[in-house]
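Here is a quick walk through one protein model for anyone meeting it today. Have a look at it first, and then we'll go through a few spots together.

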Amino acid sequence: MGIISNPFSLEGKIILVTGASSGIGRSTAIEASNHGARLILVARDENRLRETMAALSGQGHRIISADLTDEASLNNLVEECGALDGVVLCAAKGLTRPVQFSDRAHFDEIFNINFFSIAELLRLLYKKKRLVKEGSVVLISSMGGTHVFSGGNSIYGTSKAALESFMKFAAKEFAPRKIRVNSICPSMIETPLIHRGTITEEQLAEYAKRFPLKRFGRPEDVAYAAIYLLSSASAWVTGTSMIVDGGFSVS
């Protein structure tokens, strides 16, 4: 028998990951390097990016420190990154606030990070032809605002719902260049985002019992889904939201 190629391999691919300094972004970068990719790590904190860099397998990785909400910084990133086989857009910020106290300033703060910066980066990468033919874009979205509507989560959830809609439009418009665009919708993932003090540790432990698999997700659970969407194993998948929620949506 001949050698069977691995469709999940990222060997030879250059993958840009935003939000790579922690959480899902860091885990995705590490797992992508384990699958053979060369990484371009993007976040604001260069020191934390270097910590991620130290955990990567292989050689040829790069760091680009950038604030995606700053126009000049974003444009510089697009100029510096070069040709890309894949992009994983992870940068996000949460905010828990009842609707009656959610004014325009709060919406602007979250949308600028969770939606506008991502939409603008993807627009520029496509317009400047940084994404190669048959490249793959993965947006890290959320179950919050798309499938789950918990109290106090309207601003964050609405920003992710907007991202989901944008993903589908981009998938349709990028298809002529064979560029695929998909999203991943995780439920609760063990990252610093859920331990920011708005929910007590006791409440979190009780909430975890509601999941059929009896735990929150881990960053690598999302990273493995991203590997699939970046790889040729998903060559016929675009415009799709992949739910990674430990069975919560069927509980």
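How many nonpolar, polar and charged residues does the lining of the second largest pocket have? Eight are nonpolar, three are polar and six are charged. Keep in mind as you read on that this is a predicted model.

## The second largest pocket

This pocket has a volume of about 270 Å³. Its lining is made up of 17 residues, and those nearest the centre are Glu134, Lys178, Arg180, Ala235 and Trp236.

Which strand gives the most to that lining? It's strand S5, running over residues 131-140, with three residues.

## Helix H1 and Ile30

Next, find helix H1, which covers residues 23-34 and holds Ile30. From its first C-alpha to its last, H1 reaches 17 Å, close to the 16 Å expected for its twelve residues at 1.5 Å a residue. Just after the helix comes Gly36, with a positive phi near 100°.

Is H1 mostly covered or mostly open? Mostly covered: nine of the twelve residues are buried. Among them are Ile24, Gly25, Ser27 and Glu31, and Ile30 is on that list too. Looking beyond residues up to four places away in sequence, Ile30 touches Ala55 and Leu56. Thr52 is worth finding as well: 22 residues separate Thr52 from Ile30 in sequence, and their C-alpha atoms are 7.5 Å apart in space.

## Helix H7 and Val222

Now move along to helix H7, residues 219-230, where Val222 sits. The end C-alpha atoms of H7 are 16 Å apart, which agrees with the 16 Å that twelve residues should span at 1.5 Å a residue.

Is Val222 buried or exposed? It counts as buried because its relative accessible area is 0%, and the cut-off for buried is under 20%. Leaving out residues up to four places away in sequence, Val222 touches Ile24, Ile140, Ile184, Pro186 and Ile189. Ile24 is one of the buried residues of H1. Ala43 is 179 residues from Val222 along the chain, and the two C-alpha atoms are separated by 19 Å.

Val222 has buried company in H7, including Pro219, Ala223, Ala226 and Leu230. What do the buried residues of H7 pack against? They pack against H1 and several strands: S1 (14-18), S4 (84-89), S5, S6 (180-186) and S7 (241-244). You've already met S5 as the strand that gives the most to the lining of the second largest pocket.

## Aromatic pairs

On to the rings. A pair of aromatic rings is described by how far apart the centres are and by the angle of the planes. The count here comes to twelve aromatic pairs. One of them is Phe111 with Phe116, a tilted pair with 6.1 Å centre to centre and 50° between the planes. Tyr207 and Phe211 form another pair, this one edge-to-face, at 5.6 Å centre to centre and 80° between the planes.

How do these residues sit with respect to the surface? Tyr207 and Phe211 are both buried. Phe111 is buried as well, with a relative accessible area of 13%, whereas Phe116 is partly exposed, at 45%. Why is Phe116 called partly exposed? Because its 45% falls between the cut-offs, which are under 20% for buried and over 50% for exposed. Phe111 and Phe116 also belong to one aromatic cluster, together with Phe107, Phe115 and Phe166.

Terms used: Residues numbered from 1 in each chain as written. Predicted model: local features only at pLDDT ≥ 70, side-chain atom pairs only at ≥ 80, totals over all residues. Heavy atoms only, no water. 1 Å grid on protein atoms, 1.4 Å probe; cavity = no way out; pocket = protein on both sides within 12 Å on 5 of 7 lines; lining within 4 Å. Points joined across faces, edges and corners; volume = space filled by probe spheres on them. Helix = DSSP H or I, 4+ residues; strand = E, 2+ residues; numbered from the N terminus. Nonpolar A, V, L, I, M, F, W, Y, C, P; charged D, E, K, R; others polar. Contact = heavy atoms within 4.5 Å. Expected span 1.5 Å × (residues − 1). Buried < 20%, exposed > 50% of the residue type's maximum accessible area, 1.4 Å probe, protein only. Phe/Tyr/Trp six-rings, centres within 6.5 Å; stacked < 30°, edge-to-face > 60°.
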